[in-house]
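Biologist: I have not seen this protein before. Could you take me through the model one question at a time?

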Amino acid sequence: MDTRKLGDLSVSAVGLGCMGMSEFYGAGDERESIGVIHRALDLGVDFLDTADMYGVGKNEELVGKAIRDRRDGVVLATKFGNVRGPKGERLGISGRPDYVRQACDASLKRLGVDHIDLYYQHRVDPNVPIEETVGAMGELVRAGKVMHLGLSEAGPATIRRAVKEHPIAALQTEYSLWSREPEEELLGLCRSLSIGFVPYSPLGRGFLTGQIKSRDDLAADDFRRNAPRFSEANFAKNLKLVDAVNAVARQHDATAAQVALAWVLAQGQDIVPIPGTKRVRYLEENVEGVGLTLSAADLEELDAAFPKDVATGQRYADAGMQTVNL
């Protein structure tokens, strides 16, 4: 597995998003999920991504259990900031310094580790100056509880202020063929500040894989059923976009998922996507996609088929959109 750099942090060229193993994408199986994590590590995928809000702490516990005997071979990333109650209720966003410290200690305990390699603020708290939040995160670095800091879905102004308080290794934001907004300013800004870029949902929440043919393919409790791009009004329009990905895939005897992932990887050596899965076969498919090299003609074809704002519908419902790019 090739490696890439997020600031000074070296990680595998792709990571593994663990969120769906515990929530949001239908029922999961802990034993199978742990098998996916172990297989990822065997294949050289050492960059694991979780968050305290996934499954209300259950995902961190699962990841911790999976890496218990393999911690030295893992670059562990988790996030704080989205506050949830014991029943999963959403309680808002917090970037208060006291909450930062509390959240970190709780994550360390659930993960069963003595340090976190990359600690992100999951969403920016508009009511707390970013300097105060990042300042508290910096204290965790000095205490040895955290090695590197990251931000998630932060806007340009916030990033510029944050780096004055402490070095930021990575920015995590949705980025894929059908979510190209980061190209407007964020990618260039990150490069100017030596911040690595970590795209989540690089496969369009699974849509760009061509495996989702209708809304009936989504479990009843799958959160995508409530996402605008997966709505009944928008689904068929967006499904046509996958034709262009499949066309390139046929030229390479590859899958649509591999092409969509290869496109993200081709956007720069400082980009480390974290496709998520809870199935070994999809993990192996994604890893094989790392070795797929798209030609200049392929990239031009995909760029033409996926101009900015090509997708019909927002990435999140209105409430979710209010928490991104802050």
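Biologist: How much space lies in the second largest pocket?

Modeller: This is a predicted model, so the figure is computed from predicted coordinates. The lining of this second largest pocket is made up of 19 residues. The space inside the second largest pocket is about 350 Å³.

Biologist: Which residues lie closest to the centre of the second largest pocket?

Modeller: The lining of the second largest pocket holds seven nonpolar, four polar and eight charged residues. Of the 19 lining residues, those closest to the centre are Glu181, Pro182, Arg315, Met321 and Asn325.

Biologist: Is asparagine 325 buried, partly exposed or exposed?

Modeller: Asparagine 325 is found in the segment after helix 12 (318–321). Its phi is positive, near 60°, though asparagine 325 is not a glycine. Buried would need under 20% relative accessible area and exposed over 50%. At 46%, asparagine 325 therefore counts as partly exposed.

Biologist: How many cavities of 30 Å³ or more are there?

Modeller: The largest cavity holds about 40 Å³ of space. The second largest cavity has a volume of about 30 Å³. The count of cavities of 30 Å³ or more is two.

Biologist: Which helix gives the largest share of the lining of the largest cavity?

Modeller: The largest cavity is lined by Val14, Gly15, Leu16, Val45, Leu261, Pro275, Leu283, Asn286 and Val287. By class, this lining has seven nonpolar, two polar and no charged residues. The largest share, three residues, comes from helix 10 (residues 280–289).

Biologist: How many charged residues line the second largest cavity?

Modeller: The second largest cavity is lined by Glu174, Trp178, Arg205, Ala227, Arg229, Phe230 and Arg315. Arg315 is also among the residues closest to the centre of the second largest pocket. By class, the cavity lining has three nonpolar residues and no polar ones, and the number of charged residues is four.

Biologist: Back to helix 10. Which side chain forms a polar contact with the side chain of tyrosine 282?

Modeller: Tyrosine 282 is located in helix 10 and is partly exposed, with a relative accessible area of 27%. Not counting residues up to four places away in sequence, tyrosine 282 touches Gln211 and Thr277. The polar contact spans 3.4 Å, and the partner side chain is that of arginine 281.

Biologist: How far apart in space are tyrosine 282 and glutamine 258?

Modeller: In sequence, tyrosine 282 and glutamine 258 are 24 residues apart. C-alpha to C-alpha, their separation in space is 10.0 Å.

Biologist: What distance lies between the end C-alpha atoms of helix 4?

Modeller: Helix 4 covers residues 130–142, which is 13 residues. At 1.5 Å a residue, the expected span is therefore 18 Å. The model agrees with this, as the end C-alpha atoms are apart by 18 Å.

Biologist: Which elements cover the buried residues of helix 4?

Modeller: The buried residues of helix 4 are Ile130, Thr133, Val134, Gly135, Ala136, Met137, Gly138 and Leu140. After the helix comes glycine 144, with a positive phi near 85°. The cover over the buried residues includes strand 5 (75–80), helix 3 (97–111), strand 8 (116–121), strand 9 (146–152) and helix 5 (156–165).

Biologist: Which residue offers the backbone oxygen that the side chain of arginine 71 reaches?

Modeller: Arginine 71 sits in the loop between helix 2 (58–66) and strand 5. Its relative accessible area is 16%, so arginine 71 counts as buried. Leaving aside neighbours within four places in sequence, its contacts are Leu76, Val113, His115, Ile116 and Asp117. The backbone oxygen, reached at 3.0 Å, belongs to histidine 115.

Biologist: What is the relative accessible area of asparagine 59?

Modeller: Asparagine 59 is part of helix 2. Apart from neighbours within four places in sequence, asparagine 59 is in contact with Cys18, Met19, Met21, Ser22, Thr50 and Tyr54. Asparagine 59 is buried, and its relative accessible area is 0%.

Biologist: Is phenylalanine 24 buried or exposed?

Modeller: Phenylalanine 24 lies in the loop between strand 3 (16–17) and helix 1 (30–42). Its phi is positive, about 80°, although phenylalanine 24 is not a glycine. With a relative accessible area of 14%, phenylalanine 24 is buried.

Methods. Residues are numbered from 1 along each chain as its sequence is written. This is a predicted model: local features need pLDDT of at least 70, side-chain atom pairs count only at pLDDT 80 or more; totals for chains, interfaces and linings use all residues. Side-chain values use heavy atoms; hydrogens and water are left out. On a 1 Å grid over the protein atoms alone, a cavity is a set of points where a 1.4 Å probe fits but cannot get out, and a pocket is an open set with protein on both sides within 12 Å along at least five of seven lines; lining residues have an atom within 4 Å of a point. Grid points are joined across faces, edges and corners, and a volume is the space filled by probe spheres set on the points. Ala, Val, Leu, Ile, Met, Phe, Trp, Tyr, Cys and Pro count as nonpolar, Asp, Glu, Lys and Arg as charged, and the others, Gly among them, as polar. Helices (H or I, at least four residues) and strands (E, at least two) are DSSP runs, numbered from the N terminus. The expected span of a helix is 1.5 Å times one less than its number of residues. Buried means under 20% relative accessible area, exposed over 50%, partly exposed in between (1.4 Å probe, protein chains only). Contact means heavy atoms within 4.5 Å. A polar contact is a pair of N or O atoms within 3.5 Å; within protein, one must be able to donate a hydrogen and the other to accept it, and residues adjacent in sequence count only if both atoms are side-chain atoms.
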